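Student: Could we go through this structure together, one question at a time?

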Amino acid sequence: MADPLHQFQVKPLTPALDFGEVTLPVVGQVHLAFTNSHLAMTIGFLLVVGFLTLVTSGAKVVPGRTQAVGETLFGMIDGLTDSIIGHDGKKYFPFVFTVFTFILGMNLLGMFLSFTATSQLAVTATFGMITFLLVVIIGIRKNGLRFLKLFWPTGAPLVMRPIVGLIEFFSFLLRPLTLTLRLFGNMMGGHIALKVFAGFVATAVIGAAGWFGVLIFPLALGMTIGLTALEFLVAFLQAFVFAVLTCIYLNDVVNLDHAH
Amino acid sequence: MTVQDTSVPYADAPAPVALEDTHATTEAAHGGEHESGGLPQFEFQHWFGQIVYLIFLFAILYWLIAKVFAPRMRRVFDERASTISTAVETARQVQAEAAGQAEAAKAEVEQARASSRATAAAAKARVTDEANARAAAEEAVVAARIAEAETAIGKTRDAAMTNVSAIASDTAAAIVERLTGKGPTAAEAAAAVKGAA
Amino acid sequence: MEAEAAKLIGAGIAMSGMIGAGIGVGNIFGQFLAGALRNPSAAGSQIGNLFVGAALAEALGILAFVMGILIWIS
């Protein structure tokens, strides 16, 4: 059986775009190349741009089929930013929508290609850090030093406040990590499970399992089909959850004064 | 885990992996030059390129969405909202108009009903008055006739009463004449009747 | 015991953290269903909260899963 982790291997695609090992000043030794991860990201990016162009270029008041799908996505994120962040939400809509569509595009693309960009820790960590840094920057620019009020729980008794505040602070620092690992773990776990069960099917088909193959084959194939359907759901859900959490984190710092 | 798959990280440049090292860990199998764990995702030498490229794509996508797609979509939404709101406004206007007309019709009906009720009441009053007047007149006629008849009866009775004494004296005289053979004078008979009466 | 065997056992034990996530996610959906049957008109507006809650609970299981994979593979 093939190694189920092999699908996560990052490989340079062509020698023409392989710049080999380079030592950069701050980050140290890196391998610069156009890899399959870059290719997946590019296709995902082009898919999103193409889809949005298709949806918005011939936009009519009475929508067609494609436009209705795009408008559903658009309206969903719009409702999210509106209901969670409030009337300031319109300003942050493009960011949340970008995060949502890009992650959704790459997640769904992973169901069709042999490589999933969002199952790369580097990719999800970048998304997590972009969101986290945006939240911190907006928080400091909007509130200045009052940003620290985020960690000062006014609801707790005075004696407990420093302790609770410390916990709040650490949980705030853990946010990018949980954002990163949630998306990464979901995508990686789903694809490993898919690959493992697909491997069972292959094992049964080539006869490596002997007569047990007759028993294994329908079970493993049914499992693979079911997991594929589940993975489509997960692909959408994780993008949605990422967007929701981005909205919640943004709301924390945007409405620092009148929330809590 | 023993990995049979001695795949190499480079498709084009095979890494020098010892083929006899079949019981190697995944780390070794995936090209043992990496310092960290066995997951392919932890090959940190590929991170920098991915991160920079992703940030680049993210920035472009953000710019496109913020400057092109979102405003376009927003415009369609606003247009639709205005279309719907004007349609709703028109419908509301028409509805208000219809309601006004219905109100007017209702008032008219109400008025007609009130006038008919007044007419009916007036007619009823007039008929009642007439009937009353007629009844009164008839009653008066009847009363006059009754009074007339009563006076006639009285007159007749008086006449009869005056005749009664004459008849009585005549009868008395006749009776006396039969008994005694000699009739009394009329005056005597009359006096006797008067005394007996 | 061989170190390799101990590692695999450890990976298996680490995976058992997903039990909690399974209970948590099941609890969330079960409670949602119970609430939705009681007040179906309010159910639709809470779908977003449902999935966010499920994703948050699932994330902890995913941490255990990643941990297990890391132990297994390293």
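Student: How many residues of chain B are in contact with chain A?

Tutor: This is a predicted model, in which local features need pLDDT of at least 70, side-chain atom pairs count only at pLDDT 80 or more, and totals for chains, interfaces and linings use all residues. Residues are numbered from 1 along each chain as its sequence is written, while chains are lettered from A and ligands numbered from 1 in the order in which they are written. Two residues are in contact if their C-beta atoms, placed from the backbone, lie within 7 Å. By that rule, 42 residues of chain A are met by residues of chain B numbering 39.

Student: Which helix gives the most to the side of chain B that touches chain A?

Tutor: Helices here are DSSP runs (H or I, at least four residues) numbered from the N terminus. On that side of chain B, 23 residues come from one helix, the one that gives the most, α2(B).

Student: Which helix gives the most to the largest nonpolar core?

Tutor: A nonpolar core is a set of buried Ala, Val, Leu, Ile, Met, Phe, Trp, Tyr and Cys residues joined through C-beta atoms within 7 Å, where buried means that 20 or more other C-beta atoms lie within 10 Å of a residue's own. The largest has 73 residues, and Ile103(A) is among those touching the most other members. Helices of chains A, B and C each supply at least two residues, and the one giving the most, with 14 residues, is α6(A).

Student: How far apart are the end C-alpha atoms of residues 50-73 of chain C?

Tutor: An unreviewed UniProt entry lists these residues under "transmembrane region", though such annotations may be inferred rather than shown by experiment. The span is 100% helix and 0% strand, and its end C-alpha atoms lie apart by 34 Å.

Terms used: Buried ≥ 20, exposed ≤ 12 C-beta atoms within 10 Å, placed from the backbone.
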